[in-house]
Each structure stands twice: as structure tokens, then as C-alpha cells.
Amino acid sequence: MPDPFQQQIVLWLKRIPRGKVATYGMIASLAGNPRGARQVVRALHSSSIKQRLPWHRVVNARGRISLPKGLGYEEQMARLKTEGVRFKPNGQIDFDTYLWTGSRRGRSFLKS
């Protein structure tokens with residue numbers, strides 16, 4: 001049975017809308033542990049298929065895909081492009097356009 005933090009990670013991952021991305025750290029913070037980004041990675045690795053998590057919508061804090069080329073990078077990029085996410089020539093995602101800010105108790109994760 002997953003612990004409460006893991007359960008919160010899954011709930012927040014499922015909220016990321018189509019055509020938007022979130023960072024590992026954002027999901028960890030929204031789930032209650034701002035230092036839990038690695039646990040988000042673990043949750044994605046262990047539960048993406050059985051929980052039908054939108055794993056492809058989670059990127060690193062620099063707006064880049066963390067998976068290595070040849071080991072999921074291309075699939076993640078293709079899935080995001082299918083949802084309308086565009087990449088800069090350097091492979092970065094424009095957070096001003098595509099970052100999902102989340103909402104915790106009616107307040108945006110990021111300050112305006």
C-alpha cells in the first residue's frame with residue numbers, strides 16, 4: 001500500500017491537463033514535500049502503467065525531458081507534441097506557455 005505522500009503524488013499527476021507540463025519538484029511540493037522530486041520519479045517509474053499516469057507531462061526544472069535519448073526521450077517528446085506542446089530548437093519547453101501551475105486549496109502553485 002502506498003504511503004500518503006505517494007498517494008498525493010498520483011492524485012496531482014492525474015491533474016496535469018493535456019497540452020501542459022509540470023516539473024518533478026512542483027508535483028512533490030503540491031503533494032506535500034518540496035524536497036520529494038526523486039519520489040515523484042519513483043512513483044512515475046513504478047506506477048505509470050497500472051495507474052495510467054501522464055508520465056510524459058513531467059519534465060525537469062529547466063523545461064527539458066530528463067529521459068536519455070533512445071530510452072524514452074523520443075516517445076515523451078512525440079506524446080507532448082501530439083498534445084500541442086512545442087519545443088524550442090534547443091529542446092526546451094517554454095514554461096510561460098506550457099507550464100501547468102497547479103492549484104492547492106484554490107491557490108496557484110506559482111506566484112503571479
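This report covers a helix, the nonpolar cores and one partly exposed valine in a predicted model.

## Basis

The model is predicted: local features need pLDDT of at least 70, side-chain atom pairs count only at pLDDT 80 or more, and totals for chains, interfaces and linings use all residues. Residues are numbered from 1 along each chain as its sequence is written, and side-chain values use heavy atoms, with hydrogens and water left out.

## Helix H1

H1 spans residues 4-15, 12 in number. Helices here are DSSP runs (H or I, at least four residues), numbered from the N terminus. From first C-alpha to last, H1 reaches 17 Å, close to the 16 Å expected at 1.5 Å a residue. That expected span is 1.5 Å times one less than the number of residues.

At the start of H1, a side-chain oxygen of Asp 3 comes to within 2.9 Å of the backbone nitrogen of Phe 5. Phe 5 is buried (under 20% relative accessible area, 1.4 Å probe, protein chains only). So are Gln 6, Ile 9, Val 10, Trp 12 and Leu 13.

## Nonpolar cores

A nonpolar core is a set of buried Ala, Val, Leu, Ile, Met, Phe, Trp, Tyr and Cys residues joined through side-chain atoms within 4.5 Å. The largest has 21 residues. Ile 9, Leu 13, Ile 16, Ile 27, Val 40, Leu 44 and Trp 100 touch the most other members. H1, H2 (24-30) and H3 each supply at least two residues of this core.

A second, separate core has 10 residues, including Tyr 73, Met 77, Leu 80 and Phe 87.

## Val 41

Val 41 lies in H3 (residues 37-47). Val 41 counts as partly exposed (20% to 50%) because its relative accessibility is 41%. Tyr 24 is 17 residues away in sequence, yet 7.1 Å away in space, C-alpha to C-alpha.

Terms used:
A polar contact is a pair of N or O atoms within 3.5 Å; within protein, one must be able to donate a hydrogen and the other to accept it, and residues adjacent in sequence count only if both atoms are side-chain atoms.
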